[in-house]
Amino acid sequence: MLDAARVRLALSLDALIERDRRDTPLPQRVVLVLDDEEIGRDSMAALLRDCGAEVLVAATPAEARALIRANRPAVVVADYYLRDTTSIALLRERPAYARAVIVTGAVHTDALASIALGVRADLRDRPITPEAQCELVALVASYLPPETA
């Protein structure tokens, strides 16, 4: 009797897992850049095009939310400080499949590192040096799903 109950439980769990696989959207080879400053947004987008992914840009968290819903980006690269807010609320509510990278020109503090950890995001300085730029591109590229033929 106990074995039959275990089999039923295992079958129902398998069915739930399979349903979740079907119903959970997969990320696309898309990177979303959120920055309220046009020059920062454009330069980050130009840099990240080297990842081999489509790069979308947003100037506000509301615009970013709409792009996330419509395009299922694999990675969200967000400037920490935005006009009148930060990117943290958006990163907190992003879909589980989307990885996040917070970029900032501010000096890293323990508080900022803790905030990034709390939203499961990598924290990087704005890539000023060529080496930092290469590291950021490599990090973002590592988060992208494989290319499909």
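**Exercise 1. Find how many salt bridges a search of the whole structure gives, and place three of them.**

Step 1. Start with the total: the search finds five salt bridges, each being a side-chain nitrogen of Lys or Arg within 4 Å of a carboxyl oxygen of Asp or Glu. A word on the ground rules: this is a predicted model, in which local features need pLDDT of at least 70, side-chain atom pairs count only at pLDDT 80 or more, and totals for chains, interfaces and linings use all residues. Residues are numbered from 1 along each chain as its sequence is written, and side-chain values use heavy atoms, with hydrogens and water left out.

Step 2. Take arginine 29 and glutamate 147, whose side chains meet in a salt bridge at 3.9 Å, N to O. Arginine 29 lies in strand β1 and glutamate 147 in the segment after α6 (130-142), so this pair ties together parts that are 118 residues apart in sequence. Helices (H or I, at least four residues) and strands (E, at least two) are DSSP runs, numbered from the N terminus. Arginine 29 counts as partly exposed because its relative accessibility is 21%, while glutamate 147, at 62%, counts as exposed. The cut-offs here are under 20% relative accessible area for buried, over 50% for exposed, and in between for partly exposed (1.4 Å probe, protein chains only).

Step 3. Next comes arginine 83 with aspartate 36, where the closest N and O atoms are 3.9 Å apart. Arginine 83 sits in the loop between β4 (81-82) and β5 (85-86), and aspartate 36 in the loop between β1 and α2, so the bridge ties together parts that are 47 residues apart in sequence. Arginine 83 is exposed at 58% relative accessibility.

Step 4. Finish with aspartate 79 and arginine 126, whose side chains meet at 3.4 Å, N to O. Since aspartate 79 belongs to strand β3 and arginine 126 to the loop between β7 and α6, the pair ties together parts that are 47 residues apart in sequence. Aspartate 79 is buried at 8% relative accessibility, whereas arginine 126 is partly exposed at 22%. Through shared partners, salt bridges join Asp35, Asp79 and Arg126 into one network.

**Exercise 2. Work out whether aspartate 36 is buried or exposed, and describe its surroundings.**

Step 1. Aspartate 36 is buried, because its relative accessible area is 10%.

Step 2. Look for a backbone partner: the side chain of aspartate 36 reaches the backbone nitrogen of arginine 83 at 2.6 Å.

Step 3. Now list the contacts (heavy atoms within 4.5 Å). Not counting residues up to four places away in sequence, aspartate 36 touches Arg41, Ala59, Asp79, Tyr81, Leu82 and Arg83.

**Exercise 3. Decide which side chain of opposite charge is nearest to arginine 41, and where its side chain finds a backbone oxygen.**

Step 1. Locate arginine 41 in helix α2 (residues 38-48).

Step 2. Check the charge. Arginine 41 is buried yet has no salt bridge, and the nearest side chain of opposite charge, aspartate 42, is 4.7 Å away. Lys and Arg count as positive and Asp and Glu as negative; His and the chain ends are not counted.

Step 3. Turn to the backbone: a polar atom of the arginine 41 side chain lies 2.7 Å from the backbone oxygen of aspartate 35.

Step 4. Beyond its neighbours within four places in sequence, arginine 41 is in contact with Val33, Asp35, Asp36, Val57, Ala58 and Ala59.

**Exercise 4. Identify which residues of the largest nonpolar core touch the most other members, then follow valine 76.**

Step 1. A nonpolar core is a set of buried Ala, Val, Leu, Ile, Met, Phe, Trp, Tyr and Cys residues joined through side-chain atoms within 4.5 Å. The largest has 23 residues, and Leu32, Leu34, Val76, Leu91 and Ile102 touch the most other members. Elements that each supply at least two residues include β1 (28-34), β3 (73-79) and β6 (99-104). A second, separate core of 20 residues includes Val31, Val33, Leu47 and Leu139.

Step 2. Valine 76 is in strand β3 and counts as buried because its relative accessibility is 1%.

Step 3. Leaving out residues up to four places away in sequence, valine 76 touches Leu32, Ile68, Leu90, Leu91, Ala98, Arg99, Ala100 and Val101.

**Exercise 5. State how many helices and strands the protein chain has, and in what order they run.**

Step 1. The count comes to six helices and seven strands.

Step 2. From the N terminus on, the order is α-β-α-β-α-β-β-β-α-β-α-β-α.

Conventions: A polar contact is a pair of N or O atoms within 3.5 Å; within protein, one must be able to donate a hydrogen and the other to accept it, and residues adjacent in sequence count only if both atoms are side-chain atoms.
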